[in-house]
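This report goes through a protein model for a reader who works with coordinates. Please keep the sequence and the 3D view at hand while reading.

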Amino acid sequence: MTIHESEMRVFLPPVALAERATVSSMEAYTAMCTAADEDYEGFWAKLANENLHWHKPFTKTLNESDAPFYRWFDDGRLNVSYNCLDRNLQHGNADKTAVIFEADDGEITNITYSDMHERVCQFANGLKSLGIKKGDRVVIYMPMSVEGIVAMQACARIGATHSVVFGGFSAKSLQERIIDAGAVAVITADEQVRGGKRLPLKTIVDEAINGDVCDFVRNVIVYRRTGGDVEMIADRDLWLHEVIADQPADCEPEWVDAEHPLFILYTSGSTGKPKGVQHSSAGYLLWAMLTMKWTFDIKPTDIFWCTADIGWVTGHTYIAYGPLAVGATQIVFEGVPTYPNAGRFWDMIAKHKATIFYTAPTAIRSLIKAADADAEVHPKKYDLSSLRLLGSVGEPINPEAWMWYYRNVGNEHCPIVDTFWQTETGGHMITPLPGATPMVPGSCTMPLPGIMAAVVDETGNDLPNGQGGILVVKRPWPSMIRTIWGDPERFKKSYFPEELGGKIYLAGDGAVRNDKTGYFTITGRIDDVLNVSGHRMGTMEIESALVANPLVAEAAVVGKPDETTGESICAFVVLKRARPSGEEARQIAKELRDWVAREIGPIAKPKEIRFGDNLPKTRSGKIMRRLLRVLAKGEQITQDISTLENPAILQQLKTVVTT
Ligand code: WTA
């Protein structure tokens, strides 16, 4: 059962959009699905030949001999940056705007495809001049900027594998990722500017690679964004503008194997340590392009805007790679939706005449609140008539938020693509097609052609529609995760568990299909992963951060439903000293929240902290998380607590410490 099962409203694709759409009817969609069913490899081979530029064509489409380490287009060679940039220059897009960059303070810079090509080539040559080469890993810790995208593309051009770390992660999180990836260089900026505030990225990098644990990092390249004070360490730190100063504006791409790792992106899993999700070159780029065409129906005249950060997978696929590979014009935004006021997104859509807008439900929900409070920042106050398509990503969108988005932003004529996907899937998996699929608020509807998604029980048997179960993908697809960097065993265990036969992909989400339509609704994670404001976080990660504090003896973290952020973090803590109360409790709670921000990053700060003399445990010592979730919600405990060792502490754990 899910809250959306009663949802009966259906919204049809607008006729005018459907007529011109890449996939223009359910019949067209079904025909594509049938083509994939009938000749799976042939389906993908054709698309890979039509969409990618191959330096050396592939002869084998899918190699399953070492499953689940699937290999796609194995013997082909190509270069991702060549596909994104050079191809556009050859096809008449040299003077087309690739990026409309709007800075936090509103300053606008336009970058054409030929500018982009030149910048990427210079940066690539600069990286080479430092001895960075194919197969090396480079960590990118950058603000939202043209330079951030250029850095990613430059790595791709020389075959270096990048790992972008979101600018909101702490020095410690950054350090863990640098070590795990074994990066030879870090690319950063002096400072990041968001909402009028400056954040010192370079100082955080210095802290992260301080001492000898990161002595394999040879260089730190610093983009001067604000001119703020930074310390430059001799022989290690270099200004970006100096690195590229005399570099030629052309750089022969490094042709790499289809399976060459384009990037590693760390994401949270059930255990404490973040997983380095490794993606390929060819399969990943193919899917980035196809989903730009199918899901976003991208046309040469579109102005595309994805509001994600390049530190997350959405910013990889739908900012740094997808839009460029299909020759689109896109908006890139440095700032936050609420600065200088909560009308910023609407103002930017109007100003740049955005036609496609892709954002997260959390942003929508917070802008609904803001518009309710202040009519001046209501989307109806802005001219949003350029929009033709809206998208949602990162978390379930509740039907109320969907309706508001549809009415007030889309003016009831823009389809909403509710795209379900994950860091591991590389691109969209289950989503409406804007010219084909009748939409139901709160449902991501149907899998894209070629994606064999299904709902099964714990042993892998198909479940009938209407019955909730676990979401799997039964066949490998080109943009899937290839492995967990440095930990192939964990890759197998996490995504291809033996209980399901070892060959089908376990998404980690629950799902249910509608009785009548077969539409998918995602029911939430089935593991210990939280989704706070569309940011993925492991409960264990936060628990380990808490217990690393000298005051803490034990901690358990659970998610609590939150109107705006989807879920919020609730931490139950046992201290080494006696359970605090009053002012002392407030102070310690504040200290612990700040501690987690320092250990992981501000996004991981628990919203609520509760102290107990102990945690609710079974007689065998297992923490009863189910109970903690009920307590977090403030609900009455109805379940059987007879196995509970210490029922008295439940009362204590009801008290929230206000900080
Ligand atoms: C959740 C973000 C419902 C889901 C692209 C998934 C969604 C996790 C949706 C991946 C959606 C993402 N509806 N849930 N449209 N999109 N999710 O790796 O739980 O940051 O497993 O990738 O977000 O988050 P990640």
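## Backbone geometry

Pro340 sits in the loop between strand E17 (329-333) and helix H12 (344-352); helices (H or I, at least four residues) and strands (E, at least two) are DSSP runs, numbered from the N terminus. The peptide bond that joins Tyr339 and Pro340 is cis, with omega about 0 degrees. This is a predicted model, in which local features need pLDDT of at least 70 and side-chain atom pairs count only at pLDDT 80 or more, while totals for chains, interfaces and linings use all residues. Residues are numbered from 1 along each chain as its sequence is written, and side-chain values use heavy atoms, with hydrogens and water left out.

A cis peptide bond also joins Ala67 and Pro68, where omega is about 5 degrees. Pro68 is placed in the loop between strand E1 (62-63) and strand E2 (71-72).

Phe73, although not a glycine, has a positive phi of about 55 degrees. Phe73 belongs to the loop between E2 and strand E3 (77-78), and its relative accessible area of 0% makes it buried (under 20% relative accessible area, against over 50% for exposed and in between for partly exposed; 1.4 Å probe, protein chains only). Asp297 is likewise not a glycine and has a positive phi of about 50 degrees. The loop between helix H10 (282-294) and strand E16 (303-306) holds Asp297, which is buried at a relative accessible area of 2%.

## Two domains and their contact

The domain assignment of the protein chain gives domain 1 (15-336 + 415-508) and domain 2 (533-653); such bounds come from an automatic or database domain assignment. The C-alpha centres of the two domains lie 34 Å apart. To the contact (heavy atoms within 4.5 Å), domain 1 gives 17 residues and domain 2 gives 14 residues.

About 1,100 Å² is buried between domain 1 and domain 2, and carbon and sulfur atoms give 46% of this area. Buried area is the accessible area (1.4 Å probe) that two parts lose on being put together, summed over both. On the side of domain 1, Ser268, Gly272 and Trp312 lose the most area to domain 2, together 36% of what that side buries.

Ten residue pairs are in polar contact between domain 1 and domain 2, both residues being at pLDDT 80 or more. A polar contact is a pair of N or O atoms within 3.5 Å; within protein, one must be able to donate a hydrogen and the other to accept it, and residues adjacent in sequence count only if both atoms are side-chain atoms. The count of salt bridges between the two domains is two, a salt bridge being a side-chain nitrogen of Lys or Arg within 4 Å of a carboxyl oxygen of Asp or Glu.

## Salt bridges

The structure holds 40 salt bridges. The table gives some of them, including their N to O distances.

| Pair | Closest N to O distance |
|---|---|
| Arg536 and Glu424 | 2.9 Å |
| Glu147 and Arg119 | 3.3 Å |
| Asp509 and Arg525 | 3.8 Å |
| Glu554 and Lys617 | 2.9 Å |

Asp509 lies in strand E24 (residues 505-513) and Arg525 in strand E25 (residues 520-525), so their salt bridge ties together parts that are 16 residues apart in sequence. Asp509 is buried, with a relative accessible area of 6%, whereas Arg525 counts as partly exposed at 25% relative accessibility.

Glu554 lies in strand E28 and Lys617 in the loop between E30 and H18, so this pair ties together parts that are 63 residues apart in sequence. Glu554 is partly exposed at 24% relative accessibility, while Lys617 is buried at 16%. Residues that Lys617 touches, not counting those up to four places away in sequence, include Lys622, Met624, Thr643 and Asn646.

## Helix H18

Which residues of H18 are buried? They are Arg625, Leu627, Leu628, Val630, Leu631 and Ala632. Their cover includes helix H16 (539-547), strand E28 (552-562), strand E29 (566-575), E30 and helix H19 (649-652). After H18 comes Gly634, with a positive phi near 75 degrees.
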